[in-house]
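Trainee: Got a minute to go through this one with me? I'd like the fold and then some details.

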Amino acid sequence: MNAHVDFSSVETEAARLQGEYGHLKGAALLRTLAKSELGGKIMMTSSFGAEAAVLLDLVAKVDPSIPVIFLDTRRLFGETLRYQKELTEILGLKDVRVIRPDTDRLQKLDPDDMLFTSDTDTCCSIRKVEPLDNTMKTLKENGFKGWITGRKRFHSDTRGTIDAIEAADGFLKINPLAHWTNEDVKAAYLEKNLPPHPLVADGFLSIGCMPCTERAAPDGDARSGRWAGKGKTECGIHAPRIEAAFI
Ligand code: SF4
């Protein structure tokens, strides 16, 4: 069954695709969309974080040549950088694209790598928002339409209503795991024998930049350790188009 996609209105198409395929989960959703006119025009972002292996495994099974965008903010844990290489090899991903902040911008605005202590929004802007926006602009110019993310409803109240397919920033945002529960994720790791991120065993349930990530609070949601105590839940004013890269 092929999904006809008219990109004259991404919002309209996202609503139609959600109505038609929003009941599908995981690989079934991805396979259906990969066989549609979206085939060859879908990419994903991944943090290679605490839950990333499940979605990366799904993508590798459906089509290992789907581009995977990994943003190295240059403030990540060494464990994450090593895990990214390990998982890429284990899963057979063929097109992982590592993007990084502009070195001139870092030199100008954060020369000592300590900006996170005084201005997290600007730090996130130059290390995450700018490189991701530049990459997405290039991908869009090259014909990419669909953006696979690992967002899930159970993560927090701010993500409690996300659909399997939605429109954001001119892309069809595809969330194959939107319906999944924490138990679904745990079961998938066991069933598929996926290696966990090495910091998960140490209590980190959502893993971002090293300076801004703590262990999840015992009574908090998975993201409670992100920017803990800073009154910040996402990556600044650009959250809608950037949060997906940091699941
Ligand atoms: S999460 Fe922290 S270190 Fe990473 S870009 Fe944002 S403020 Fe900077």
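Mentor: Let's take the whole chain, then a helix pair, the ligand and two loop residues. Keep in mind that this is a predicted model.

Trainee: Fine. How many helices and strands does the protein chain have?

Mentor: Eight helices and six strands. Along the sequence the order runs α-α-β-α-β-α-β-α-α-β-β-β-α-α.

Trainee: And what share of the residues is buried?

Mentor: Of 247 residues in the chain, 52% are buried. The accessible surface is about 11200 Å². Carbon and sulfur atoms own 51% of that surface.

Trainee: What about contacts with a separation of 6 or more: what percentage is between residues 24 or more positions apart?

Mentor: That share is 71%.

Trainee: Now the helix pair. At what angle do α3 and α4 cross?

Mentor: Roughly 30 degrees. The axes of α3 (residues 52–62) and α4 (residues 78–91) come within 10 Å. The crossing is right-handed.

Trainee: Which residues make that contact?

Mentor: From α3, Ala 53, Leu 56, Asp 57 and Ala 60. From α4, Tyr 83, Leu 87 and Leu 91. By class, six residues are nonpolar, none is polar and one is charged.

Trainee: Switching to the ligand. Which residues come nearest?

Mentor: Cys 123, Cys 124, Lys 128, Cys 209 and Cys 212, out of nine around the ligand.

Trainee: How does that shell divide by class?

Mentor: Six nonpolar, one polar and two charged.

Trainee: Next, Phe 204. Where is Phe 204 found?

Mentor: In the loop between α7 (182–192) and α8 (239–242).

Trainee: Buried or exposed, and why?

Mentor: Phe 204 counts as buried because its relative accessible area is 7%, and the cut-off for buried is under 20%.

Trainee: What does Phe 204 touch?

Mentor: Leaving out residues up to four places away in sequence, Phe 204 touches Ala 50, Phe 77, Leu 199, Thr 213, Glu 214 and Arg 215. Take Ala 50: Phe 204 is 154 residues from Ala 50 in sequence, yet their C-alpha atoms are 7.5 Å apart.

Trainee: Last one, Arg 153. Where is Arg 153 found?

Mentor: Another loop residue: Arg 153 lies between β4 (146–148) and β5 (165–168).

Trainee: Why is Arg 153 called partly exposed?

Mentor: Because the relative accessible area of Arg 153 is 29%, and partly exposed covers the range between the 20% and 50% cut-offs.

Trainee: And how far is Arg 153 from Leu 177?

Mentor: The two are 24 residues apart along the chain, with 8.5 Å between their C-alpha atoms.

Methods: Residues numbered from 1 in each chain as written. Predicted model: local features only at pLDDT ≥ 70, side-chain atom pairs only at ≥ 80, totals over all residues. Heavy atoms only, no water. Axes fitted to C-alpha atoms, helices over the stretch in contact; angles between N-to-C directions. Helix = DSSP H or I, 4+ residues; strand = E, 2+ residues; numbered from the N terminus. Left-handed = near helix turned anticlockwise from the far one by under 90°. Contact = heavy atoms within 4.5 Å. Nonpolar A, V, L, I, M, F, W, Y, C, P; charged D, E, K, R; others polar. Near = heavy atom within 4 Å. Buried < 20%, exposed > 50% of the residue type's maximum accessible area, 1.4 Å probe, protein only. Areas by Shrake-Rupley, 256 points an atom, 1.4 Å probe, with all protein chains shown as cover.
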